[in-house]
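Me: I would like to learn how to read a few features of a model, step by step. Could you take me through this one?

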Amino acid sequence: MGTIRALVWTLLGVGFTYAEMSGHVIWANWFALAWIVMFSWQITVSTIKKGTTRQ
């Protein structure tokens, strides 16, 4: 699971960098938006899991 997660983060980062450097600003914005949403989701899920495991 960790390998798949790392691969997804890497592909998003590479996609953003490529789109930004090649002048595809609209695509770069979509990559950045996807990165932000996924990062927020991961932080939210991690926080919820930590909150429910403590008793």
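Reply: Happily! Let us begin with a term: a residue is buried under 20% relative accessible area, exposed over 50% and partly exposed in between, using a 1.4 Å probe and protein chains only. Trp-35, with a relative accessible area of 36%, is therefore partly exposed. This is a predicted model, where local features need pLDDT of at least 70 and side-chain atom pairs count only at pLDDT 80 or more, while totals for chains, interfaces and linings use all residues. Residues are numbered from 1 along each chain as its sequence is written, and side-chain values use heavy atoms, leaving out hydrogens and water.

Me: What helices and strands does the protein chain have?

Reply: Helices (H or I, at least four residues) and strands (E, at least two) are DSSP runs, numbered from the N terminus. Here the protein chain has two helices and zero strands. Its radius of gyration is 14 Å, well over the 10 Å that the globule rule gives for 55 residues, so the chain is more spread out than a compact globule. That radius is taken over C-alpha atoms, and the rule is 2.2 Å times the number of residues to the power 0.38. Along the principal axes, the C-alpha atoms fill a box of roughly 50 × 20 × 10 Å. Buried residues make up 9% of the 55 residues.

Me: How many aromatic pairs are there?

Reply: A pair of aromatic rings is described by the distance of the centres and the angle of the planes. Rings of Phe, Tyr and Trp (its six-membered ring) pair if their centres lie within 6.5 Å; planes under 30 degrees apart count as stacked, over 60 as edge-to-face and the rest as tilted. By this rule there are three aromatic pairs. One of them joins Trp-9 and Trp-35 edge-to-face, at 5.4 Å centre to centre and 70 degrees between the planes. Trp-9 lies in helix H1 (residues 2–21) and Trp-35 in helix H2, so this pair ties together parts that are 26 residues apart in sequence.

Me: Why is the pair of Trp-35 and Phe-39 stacked?

Reply: Their ring centres are 5.2 Å apart and their planes are at 5 degrees, so the pair counts as stacked. Both residues lie in helix H2, four residues apart, about one turn of the helix. Ring pairs link Trp-9, Trp-35 and Phe-39 into a cluster.

Me: Is Trp-9 buried or exposed?

Reply: Trp-9 counts as buried, because its relative accessibility is 19%. Phe-39 is partly exposed, with a relative accessible area of 39%.
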